[in-house]
Amino acid sequence: MAVPNYQAKCIDSRNILTILAAEGVQFLLSGEGKVPLSSCYGKTTCLLFSANWCRPCKTFIPKLVQLYDTLRARCEKIEIVFVSFDHNENEFKEDFKSMPWLAVPFDVNFNRRLLNMCHVKHLPSLIPLTWDEITSIDQEDLIGLIEDYGVEAFPFTRSRREELKAIDAAKLEGGTLEDLLAHEGRNHVENKDGRKVLVSDLVGKTIGLYFGAHWCPPCHTFNSQLLEAYNEIMTTSKEQNCFEIIFISTDRDLNEFDLSLKSMPWFAIPYLDKTRRDLCRIFGIKAIPSLVLIGEDGKIVGTNGRAIISLYGAKAFPFTQSKLGELEAALKKEGDSLPRHTKDTKHEHLLKLDMAKAYVCDSCKQRGRFWVFSCDLCDYDLHPTCIEETS
Ligand SMILES: [Zn+2]
Ligand SMILES: [Zn+2]
């Protein structure tokens, strides 16, 4: 039998259904039994290449099921056709039980040919069978688009992707706080006791978006630094109404989220809300802990809040460039006014002026930051204000 030439760059759904028919596929399978190929006509149809032995498939399929069910419930015209790479027919049947969509009848050789026709490079792959090359999205991108946007990715076209990216960019470049933190279904954030505050009541405050998780040890360290700065800012009567922190959890489940929140006096986006994922994507959060600072005008002040809090703590409030410039200048001025070396009555060696992120003063036993007089020979540190110079 001559093998037809399917090298066309873009295979559209009319084509693919023709190919299926030409290959002798007379029907597709649903959970109930056989359905005609024409079940896909007029619908946004995707071929799903997947296997039960493939780990990324196992994580992706439940998300796709959720997306499919949501779209079907909304009466959207969507269809997915499973092309199985399971080891045998029994495994295929087992695998297909978890899927609410259609499948090509199991045939290893045919499925492999289909894989080559569609230029599939890895599993899982989702190939949209759209009507033309201009609107269709690259197959490489579709799973990523679904991971990023969930159900909003529908109808999986290039123009939809551009639209979603434009919405993200607008939010990043100074949408309102409500655009960022709330949506039609939710206009509040809440704390560990279930106390709710309207996002609209936060407008005009400096906001810290804190991305963290209970499973992450560096988050624990940062959490205590942030807590100290927060408490200090909130007890300054002038500033307590000007600041709030919102926790954006990257915890693995609701239980861990509750554990995280327990240690926090501030508010959080509810765990089950999609805004958590949106904010991670919009701010390109790749590592936690991370603190994004938003000024009282709703504009992003900086994404380096973690470094600022670790370095200056509450002193840096409201974290604007001018405030940070002021702190740096004051620090430099202080340094310039101190001698490079000094002798202290309490210590036998010469002490050297140094800069330290954190230390404990050996005289007053209080913590110190930045300028310090240290001994090069022993572990001895003094606040510049605790020096008693020898004559
Ligand atoms: Zn001291
Ligand atoms: Zn010494």
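## A walk through the cores and a sheet

Start with the largest nonpolar core of this predicted model, which has 37 residues. Select Leu-181, Leu-209, Tyr-210, Ile-246 and Phe-247, the residues with the most contacts inside that core. Next, colour the elements that give two or more residues to the core: the helices α7 (177-181), α8 (217-235), α9 (254-262) and α11 (305-312), along with the strands β9 (206-212), β10 (243-249), β11 (267-268) and β12 (290-294). Keep α8 highlighted for a moment, since the largest share of this core, 6 residues, comes from α8.

Now zoom in on Ile-246. Leaving aside residues up to four places away in sequence, Ile-246 touches Leu-181, Val-189, Ile-207, Leu-209, Tyr-210, Trp-266, Phe-267, Ala-268 and Ile-269.

Ready for another core? Pick Leu-64, Val-83, Leu-102 and Leu-145, which are among the 29 residues of a second, separate core.

Time to zoom out and colour by domain. The domain assignment gives domain 1 (13-165), domain 2 (177-329) and domain 3 (338-386). Put a distance label between the C-alpha centres of domain 2 and domain 3 and you should get 35 Å.

Last stop: the open sheet of 4 strands, ordered β14-β15-β16-β17 with antiparallel pairing. At its edges stand β14 (341-343) and β17 (381-382); each has a single partner strand, so one side of each is left without a neighbour in the sheet. Then select residues 350-360 and 367-375 to show β15 and β16, which run antiparallel and are joined by 8 bridges. To finish, show the side chains of Met-355 and Trp-371: Met-355 stands opposite Trp-371, which is in β16.

How values were computed
Residues are numbered from 1 along each chain as its sequence is written. Chains are lettered from A and ligands numbered from 1 in the order in which they are written. This is a predicted model: local features need pLDDT of at least 70, side-chain atom pairs count only at pLDDT 80 or more; totals for chains, interfaces and linings use all residues. A nonpolar core is a set of buried Ala, Val, Leu, Ile, Met, Phe, Trp, Tyr and Cys residues joined through C-beta atoms within 7 Å. A residue is buried if 20 or more other C-beta atoms lie within 10 Å of its own, exposed if 12 or fewer, and partly exposed in between; C-beta atoms are placed from the backbone. Two residues are in contact if their C-beta atoms, placed from the backbone, lie within 7 Å. Domain bounds come from an automatic or database domain assignment. Two strands pair if DSSP finds at least two bridges between them.
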